[in-house]
Amino acid sequence: MTCLNRQRSIAFVVAGVALVGALTAAKAQTIYRIVGADGKVTFSDKPPASAEQGKVASTGVGAAAAGAAAGNLPFELRQVVAKYPVTLYTGQECSPCGSGRAFLTSRGVPFSERSVSTGEDVAALQRLTGDASLPVISIGGQRVKGFSDTEWTQYLDLAGYPKSSALPANYKNPLPTPLITVQKPTEAKPDPKPTQIQAPEPVAPAGPSPSNPAGISF
C-alpha cells in the first residue's frame, strides 16, 4: 500500500468514527468482568443485570478522570478531546510504552493511561484489542497497536489534535489506573437491635407471718 493510499485509508477510518460520536467512543472504553454463580469468568461490554450475578469491574475510571481534567483545556482542544478521547494502554518494563507516553506528553495530547499488570488485565485487553501486545493507543473508537511516531502522528493529525502543545502550563494528565478494578457487591448489614432493658419484677410485700402477725419490719 502506498503512503497516499494509507493516508486515505486512515482518513476514511477516522471519518467513520466521527459518525458514531463521543458516546460510542466512551462505550468502547468500558468492559465488565462478571463472575457467575458457578465461578466462570466472562467479559462483556454490557453490565450485568444485577450485582448478584457476580463481581463487576469497569474500565471507565480513567476516561472519567480525563474528562474531568478536560474542563481546563482551551475550547478547540476540548472539542477534539470530547470527540476523540485518547487512552494509552501500557505495561511494566515496556520500553515502547514509555516512548509512546513521552510522545503524547511532548505533543501536548491529553490522555488517560490504563496499566496492564495482572492476568485479569491481560484478559480484558485481549477482549478489547484481540491480543495482549503493548502499547495500544485508542483515539476515539480507533485503536492502534504498537508504538510508531509516524503512524500515531497521522491519526492524531486527522483527529484534529494540535501539532504542538496547546495545554495550560499547569495541566497534568490523570495518574495511571489499572485496566480492571474489581468491585465486590456490598451486602446490606442488618440494623443493630436496640438493647431492651427489662424492668425488675415487682416484689410482693411480705405478708404477716405467724411469728409476726402485724407484719412489722425494721
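A crossing of two helices is right-handed if the near helix is turned clockwise from the far one by less than a right angle, and left-handed if anticlockwise. Keep that definition at hand for the third stop. The model on screen is predicted.

**Stop 1: the whole chain**

Show the protein chain as a cartoon. It has six helices and nine strands. Of its 218 residues, 33% are buried. Now consider contacts between residues at least 6 apart in sequence: 70% of them join residues at least 24 apart. Several later stops show pairs that are separated along the chain.

**Stop 2: helix 3**

Select residues 75–83, which form helix 3. Which residues of this helix are buried? They are Leu-77, Val-80 and Val-81. Look down the axis: these three cover an arc of only 100°, which puts them on the same side of helix 3. A general point helps here. An α-helix has 3.6 residues a turn, so residues three or four places apart point the same way.

Next, colour Phe-75, Glu-76 and Lys-83. These residues are exposed, and they sit on the face of helix 3 turned away from its buried side. Two other residues of the helix fall between these classes. Arg-78, in helix 3, is partly exposed, with a relative accessibility of 31%. Gln-79, also found in helix 3, is partly exposed at 43%.

What do the buried residues of helix 3 pack against? Their partner is helix 6, so select that helix next.

**Stop 3: helix 6 and helix 4**

Helix 6 spans residues 149–159. Its buried residues are Glu-151, Trp-152, Gln-154, Tyr-155, Leu-156 and Ala-159. Keep helix 6 on screen and add helix 4, residues 95–107. Two packed helices are described by the angle between their axes and the distance between the axes. For helix 4 and helix 6, the angle is about 40° and the axes are 11 Å apart. That angle makes helix 4 oblique to helix 6. The crossing of the two is right-handed, in the sense defined at the start.

Show the side chains where they meet. Helix 4 contributes Gly-100, Phe-103, Leu-104 and Arg-107 to the contact. From helix 6 come Asp-149, Trp-152, Thr-153, Leu-156 and Asp-157. How many residues of this contact are nonpolar, polar and charged? There are four nonpolar, two polar and three charged residues. Trp-152 and Leu-156, which take part in this contact, are also among the buried residues of helix 6.

**Stop 4: just past helix 6**

Step forward to Gly-160. This glycine comes just after helix 6 and has a positive phi of about 105°. Gly-160 belongs to the loop between helix 6 and strand 8 (177–178). With a relative accessible area of 39%, Gly-160 is partly exposed.

Use the distance tool between C-alpha atoms here. Gly-160 and Val-81 are 79 residues apart along the chain, and their C-alpha atoms are separated by 9.2 Å. Recall that Val-81 is one of the buried residues of helix 3. Now select Tyr-161. Its C-alpha lies 9.9 Å from that of Arg-78, with their positions 83 residues apart in sequence. For Gln-79 and Tyr-161, the separation is 82 residues in sequence and 9.8 Å in space, C-alpha to C-alpha.

**Stop 5: helix 5 and the loop after it**

Select helix 5, residues 119–129. Which of its residues are buried? Asp-121, Ala-124, Leu-125, Leu-128 and Thr-129 are. Turn the view to look down the axis of helix 5: the buried residues fall within an arc of 115°, so they line one face of the helix.

Just after helix 5, Gly-130 has a positive phi of about 100°. Continue to Pro-135, in the loop between helix 5 and strand 6 (136–139). Show the backbone atoms there. The peptide bond from Leu-134 to Pro-135 is cis, with omega near 0°.

**Stop 6: Glu-93**

The last selection is Glu-93, in the loop between strand 4 (86–91) and helix 4. Glu-93 has a positive phi of about 50°, although it is not a glycine. Is Glu-93 buried or exposed? Its relative accessible area is 87%, so Glu-93 counts as exposed.

Terms used
Residues numbered from 1 in each chain as written. Predicted model: local features only at pLDDT ≥ 70, side-chain atom pairs only at ≥ 80, totals over all residues. Heavy atoms only, no water. Axes fitted to C-alpha atoms, helices over the stretch in contact; angles between N-to-C directions. Helix = DSSP H or I, 4+ residues; strand = E, 2+ residues; numbered from the N terminus. Parallel < 35°, antiparallel > 145°, perpendicular 65-115°, else oblique. Contact = heavy atoms within 4.5 Å. Nonpolar A, V, L, I, M, F, W, Y, C, P; charged D, E, K, R; others polar. Buried < 20%, exposed > 50% of the residue type's maximum accessible area, 1.4 Å probe, protein only. Arc of directions from axis to C-beta.
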